[in-house]
Structures are given as C-alpha cells and as structure tokens.
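Colleague: Could we go through this model together, one question at a time? I would like to hear the reasoning as well as the result.

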Amino acid sequence: MVKGILGVKVGMTQIYDESGRAIPVTVLQAGPCHVLQLKTLERDKYEAVQLGFLDKKRPRGRRIRPSQASRSERGHVANLGSKRAKRRSAGGVKPPEKAGCEPKKFIRELRGPVDGAKVGQQVTVQSLEGVKAVDVVGVSKGRGYSGVMRRHNFAGQRASHGVKKVHRHAGGTGMSADPSRLFKGIRMAGQYGNQRNTVRNLKVVRLDPENHLLLVRGAVPGPSGGYVVIRETNKVG
Amino acid sequence: MNKQALLNKVEQTCMKAEVPFFEIGDTVDVHTKILEGNKERVQIFTGTVIARSGGGTRQMFTVRRIVAGEGVERKFPLHSPRIEKIEVKRSGVVRRAKLYFLRKRVGKAVRLKERRTKQAANSR
C-alpha cells in the first residue's frame with residue numbers, strides 16, 4: 001500500500017531544533033483513517049486504496065441533512081442487510097467486503113499498489129514512520145474574482161503621469177490587426193484560489209502518534225481546519 | 001480536540017519549562033550561546049527590556065542599550081535554546097508595556113527610576 005493518510009490542517013507555529021534554529025511548521029492532524037474499499041485491476045482497471053477520515057453524524061430523524069450520513073453512505077461502510085442484498089446473495093452473488101466502521105466525512109483514494117491493505121484496516125500516522133518528506137494536497141483559500149495584480153503578481157500601472165482609472169489593470173494583452181486575436185493562455189483577472197493544490201517535498205519534522213499529529217516544515221494549502229491528503233513524496237532526490 | 005489545544009500541545013514541547021521572571025523596564029543580562037567556528041561560547045548582552053511580543057513559542061523580547069552613543073536594540077526569542085540565561089540586574093519604574101519613547105531620548109534622559117522590590121532587595 002502507498003504510504004499516505006488523510007488529515008486536517010490544524011495551524012502553523014514554530015519550534016526549535018537541537019541547534020536552536022527556529023523551524024516554521026504546519027501541524028496536521030493525520031488519521032486515524034479506515035480503509036473503506038480496495039480498487040483492483042480486475043474490477044476497476046486501476047489500483048487504489050480508499051481511505052475514510054472522521055466519523056460522519058448519523059441522522060436523528062427521517063430528514064437527512066447534508067452533514068449527516070445518508071443511507072448510501074452508511075451502506076458504503078457496513079452491510080445494511082437490504083432486501084436487494086439478500087436477493088443477490090440468495091442468487092449466489094458474493095456481497096462486497098465492508099469496513100464495518102462509522103460513515104466517514106472525508107473519503108479519498110490513494111493510487112498505487114494495494115498489496116497488504118485490507119478493508120476495515122486502520123491507518124494511523126505511524127504508517128508514515130521513516131518517511132523523510134511528504135506531498136500534501138489541499139484546497140487553497142478562495143479569493144473570489146481577483147484582478148491581475150493579486151492573481152498573477154502583475155505590477156499594475158503608474159499612480160500618475162496620465163494614467164487614468166487603470167492603476168491596477170494589466171497593460172497590453174496582445175498585438176494589433178495581425179493577428180487580430182488573443183493568444184491562448186494570456187493571464188487575466190478571474191477566479192483565484194479555492195482550487196486543489198499540491199505542495200511537494202515537505203520535510204517531516206516530527207511524528208506524534210499519541211495525538212495523531214504530523215509536523216511538516218513549511219506551509220500547506222487551505223485554511224486551518226481544511227482537509228488534506230498526505231502521501232509520501234514522489235519527488236526524487 | 002480543538003485546534004488551539006493541539007497547537008498548544010505542540011508548542012509546549014519546545015518551550016522552556018521555567019521562564020526567568022523579568023519585566024518591562026528591567027535592566028537584564030542576556031546570556032546567548034553563539035558558535036564561533038566550531039567552538040561555542042556565551043555572549044552577554046546588557047540592556048533595558050523595552051518590549052515583549054508574541055505568544056507561545058514565538059514570544060520575543062527586545063533589549064535596548066546605548067553603545068558608543070548609538071542606540072542598539074536586539075530582539076531575542078524567549079524560548080530559544082540559545083538563550084542560556086536572563087539575569088535581572090535592576091528594575092525600573094515604568095507605566096507602559098512598550099518603552100518605545102526611550103528611542104527618542106539621549107544621555108541622562110534614558111535612565112529609568114529604580115524600583116525597589118522586596119525580591120530585588122533580598123537578592124542584593
């Protein structure tokens with residue numbers, strides 16, 4: 001199984017190493033996760049381990065809110081004994097393996113060989129023991145529709161010398177009658193942030209299996225409290 | 001557990017168990033370990049504490065002194081393992097948390113009135 005885990009960004013702080021240097025660290029709460037499903041070459045044409053993190057609330061009454069687990073979500077992690085399942089097993093179809101845990105809030109797949117992983121197995125930070133660096137995937141903070149200065153670090157235009165009402169605009173975006181069009185990929189204003197981002201090769205500073213914490217050097221995309229996928233870095237050297 | 005509690009737990013691990021007591025306006029000796037080549041030695045910086053800022057592991061304090069007629073300020077991380085010791089030499093009477101007004105003063109005006117506490121009297 002690929003070395004990886006799901007987690008939540010707790011926040012940033014700084015700690016000191018033995019030589020007294022201050023290291024900026026992001027604290028991540030990583031796991032414990034459950035393996036919910038295995039994707040196999042025969043059935044799914046690719047291999048992956050599906051992990052689930054944090055229990056989702058069960059509905060109290062008939063009305064199911066988005067924050068509560070629906071019947072399909074509950075059926076994903078445990079056998080509910082539906083009529084259809086009974087009919088199928090009577091017909092000789094083997095029911096799929098279930099994790100037998102609470103329904104999960106955050107479910108993601110880790111692509112890679114499945115060997116050794118079992119449905120229902122728990123994954124904790126300890127599985128990252130010996131890993132030097134990790135890649136962290138998160139959803140960056142949304143900044144809405146932003147101008148080119150914020151979005152692409154353009155310099156903008158001058159404050160005076162005849163510049164009128166375009167101080168924060170881009171300059172030119174293209175040529176003239178030839179080619180009479182814009183080239184693709186010209187950087188302009190638009191939606192910025194709220195986008196899946198991966199930060200690669202973050203050094204692991206500390207593992208704290210007792211509190212399920214992982215400390216990595218540097219920043220991680222997204223707000224504190226945002227969900228992240230952590231996996232061993234695929235960067236070589 | 002909530003996020004702040006987890007952060008505090010992480011910070012606790014690299015904070016000094018006992019932080020020497022000193023206040024704004026105190027004249028202190030800060031003993032800093034510095035590396036010279038591959039030899040370690042202790043350097044002492046003496047001055048008045050004019051500010052404390054930040055919290056947790058990030059807490060810093062600023063020490064100001066006059067060297068050859070020029071004001072010198074150094075900012076130290078309170079919890080850094082390189083700060084060996086902070087000795088209080090003298091306490092001053094001050095009424096604010098940041099003594100930035102000292103920056104504008106020269107000569108005798110820099111002096112602070114001494115505050116005599118029981119603790120200080122005993123140690124002397």
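What follows is a short exchange on chain B, the contact between the chains, some charged pairs and a few backbone details.

Colleague: Happy to start with the basics. In what order do the helices and strands of chain B run from the N terminus?

Modeller: Keep in mind that this is a predicted model. Chain B holds two helices and five strands. Read from the N terminus, its elements follow the order α-β-β-β-β-β-α.

Colleague: And what share of the residues of chain B count as buried?

Modeller: The C-alpha trace of chain B spans about 50 × 40 × 35 Å along its principal axes. Chain B exposes about 8200 Å², with carbon and sulfur atoms supplying 50% of it. Of its 124 residues, the share that counts as buried is 31%.

Colleague: How far apart do the centres of the positive and negative side chains lie in chain B?

Modeller: Chain B carries 29 positive and 12 negative side chains. Taking the centre of each set, the distance between the two is 6 Å.

Colleague: Let's turn to the contact between the chains. Which three residues supply the most of the area that chain A buries against chain B?

Modeller: The contact takes 19 residues from chain A and 15 residues from chain B. Together the two chains bury about 1400 Å², and 63% of that is on carbon and sulfur atoms. On the side of chain A, 37% of the area buried against chain B, more than any other three residues supply, comes from V10(A), T13(A) and Y16(A).

Colleague: How many salt bridges does the rule find across that interface?

Modeller: Side chains of opposite charge can pair when their charged atoms come close. Over all chains, the count by this rule comes to 11 salt bridges. Across the interface of chain A and chain B, though, the number found is zero.

Colleague: Then let's look at some pairs. In the salt bridge between R21(A) and D17(A), which partner counts as buried?

Modeller: The side chains of these two residues meet at 3.7 Å, N to O. R21(A) has 55% relative accessibility, so it counts as exposed. Its partner has 18% relative accessibility, which is under the 20% cut-off, so the buried one is D17(A).

Colleague: R43(A) and D44(A) also form a salt bridge. Is D44(A) buried or partly exposed?

Modeller: The closest N and O atoms of this pair are 3.4 Å apart. R43(A) is exposed, with a relative accessible area of 54%. D44(A) has 22% relative accessibility, and because buried means under 20%, D44(A) counts as partly exposed.

Colleague: How many residues apart are R58(A) and E102(A)?

Modeller: Their side chains meet in a salt bridge at 3.1 Å, N to O. R58(A) is in the loop between β4 and α2 of chain A, while E102(A) is in the loop between α3 and β5 of chain A. The pair therefore links distant parts of the chain, and the separation is 44 residues.

Colleague: I am curious about H31(B). Is this residue buried or exposed?

Modeller: H31(B) sits in strand β1 of chain B, residues 27–36. Leaving out residues up to four places away in sequence, H31(B) touches several others, including V42(B), I44(B), I83(B) and K85(B). With a relative accessible area of 10%, it falls under the 20% cut-off, so H31(B) is buried.

Colleague: On to the backbone. What is omega for the peptide bond from D178(A) to P179(A)?

Modeller: Most residues other than glycine have a negative phi, and most peptide bonds are trans. P179(A) lies in the loop between α4 and β9 of chain A. The bond from D178(A) to P179(A) is cis, with omega near 15 degrees.

Colleague: S180(A) is in that loop too. What is its phi?

Modeller: S180(A) is exposed, with a relative accessible area of 55%. It is a residue other than glycine, yet its phi is positive, near 60 degrees.

Colleague: Last one: which loop of chain A holds H212(A)?

Modeller: H212(A) has a positive phi of about 60 degrees although it is not a glycine. At 23% relative accessibility, H212(A) counts as partly exposed. Its place is the loop between β10 and β11.

Methods. Residues numbered from 1 in each chain as written. Chains lettered and ligands numbered in written order. Predicted model: local features only at pLDDT ≥ 70, side-chain atom pairs only at ≥ 80, totals over all residues. Heavy atoms only, no water. Helix = DSSP H or I, 4+ residues; strand = E, 2+ residues; numbered from the N terminus. Buried < 20%, exposed > 50% of the residue type's maximum accessible area, 1.4 Å probe, protein only. Areas by Shrake-Rupley, 256 points an atom, 1.4 Å probe, with all protein chains shown as cover. Lys, Arg positive; Asp, Glu negative; His and termini not counted. Charge placed at Lys NZ, Arg CZ, Asp CG, Glu CD. Contact = heavy atoms within 4.5 Å. Buried area = accessible area lost by both parts, 1.4 Å probe. Salt bridge = Lys/Arg side-chain N within 4 Å of Asp/Glu carboxyl O.
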